[in-house]
Amino acid sequence: MYCKILCFAALVAVAAAQYGYGHGSAYSSNHISRHDGHPQLVHGHHGHHDYHAHPKYEFEYKVKDPHTGDIKDQHESRDGDHVTGYYSLHQPDGSVRSVHYHGDHHTGFHADVKYDTHHIVPKHHHY
């Protein structure tokens, strides 16, 4: 029974894509790269030993859905306690919020936030 439901759902999705029942194309993507080093022994309390690897990674994702207006992206990288990144988000009013940030153990977190205003003119539908 489960297989029949799954097959029916797949056929409906294919038909909707072929015959234009969708709302246009949308996409999302992501990417993660880890570059952790070899674990190092860290001495704990009461004879307990723990291992700690140097944290290092890169991460990014993107979403663009013109039907819902969900448009955003982010990129972040980390090497030890130093983090840098960027994200952008399209606001409902048409403006774009962009944030560049960085932080580490010594200086804390810093963010530069900017807004670009490109207001959307509402579409009027005549019935």
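**Exercise 1. Place E76 and describe its charge environment.**

Solution. E76 lies in strand β5, which spans residues 70-79. The model is a predicted one. E76 is buried yet has no salt bridge. The nearest side chain of opposite charge belongs to R78, 7.2 Å away. A salt bridge needs a side-chain nitrogen of Lys or Arg within 4 Å of a carboxyl oxygen of Asp or Glu, so the distance to R78 does not qualify.

**Exercise 2. Which side chains make polar contacts with the side chain of E76?**

Solution. Begin with Y57: its side chain and that of E76 are joined by a polar contact of 2.5 Å. Next take Y101, whose side chain makes a polar contact with the E76 side chain, also listed at 2.5 Å. Then widen the view to contacts in general, leaving aside neighbours within four places in sequence: E76 touches Y57, E58, F59, V83, T84, G85 and Y101.

**Exercise 3. Find the aromatic pairs and classify their geometry.**

Solution. The count comes to two aromatic pairs. One is formed by F59 and Y61, with 5.9 Å centre to centre and 50° between the planes; this pair is tilted. In the other, the ring centres of Y101 and F109 are 5.9 Å apart and the planes stand at 35°, so this pair is tilted. The reasoning rests on the cut-offs: planes under 30 degrees apart count as stacked, over 60 as edge-to-face and the rest as tilted.

**Exercise 4. Assign each ring residue to buried, partly exposed or exposed.**

Solution. The limits are under 20% relative accessible area for buried and over 50% for exposed, with partly exposed in between. F59 has 24%, so F59 is partly exposed. Y61, at 25%, is partly exposed. Y101 has 9% and is therefore buried. F109 has 59% and is therefore exposed.

**Exercise 5. Is S88 buried or exposed, and what does S88 touch?**

Solution. First locate the residue: S88 sits in strand β6, residues 82-90. Its relative accessible area is 6%, so S88 is buried. Beyond residues up to four places away in sequence, S88 touches I71, K72, D73, V96, R97 and S98.

**Exercise 6. Summarise the chain as a whole.**

Solution. Start with the secondary structure: the chain has one helix and eight strands, in the order α-β-β-β-β-β-β-β-β along the sequence. Then turn to burial: of the 127 residues, 12% are buried. The exposed surface is about 10600 Å², and carbon and sulfur atoms supply 58% of it. Last, consider contacts with a separation of 6 or more: residues 24 or more positions apart account for 23% of them.

Methods. Residues numbered from 1 in each chain as written. Predicted model: local features only at pLDDT ≥ 70, side-chain atom pairs only at ≥ 80, totals over all residues. Heavy atoms only, no water. Helix = DSSP H or I, 4+ residues; strand = E, 2+ residues; numbered from the N terminus. Buried < 20%, exposed > 50% of the residue type's maximum accessible area, 1.4 Å probe, protein only. Contact = heavy atoms within 4.5 Å. Areas by Shrake-Rupley, 256 points an atom, 1.4 Å probe, with all protein chains shown as cover. Lys, Arg positive; Asp, Glu negative; His and termini not counted. Polar contact = N/O pair within 3.5 Å; in protein donor to acceptor, adjacent residues only side chain to side chain. Phe/Tyr/Trp six-rings, centres within 6.5 Å; stacked < 30°, edge-to-face > 60°.
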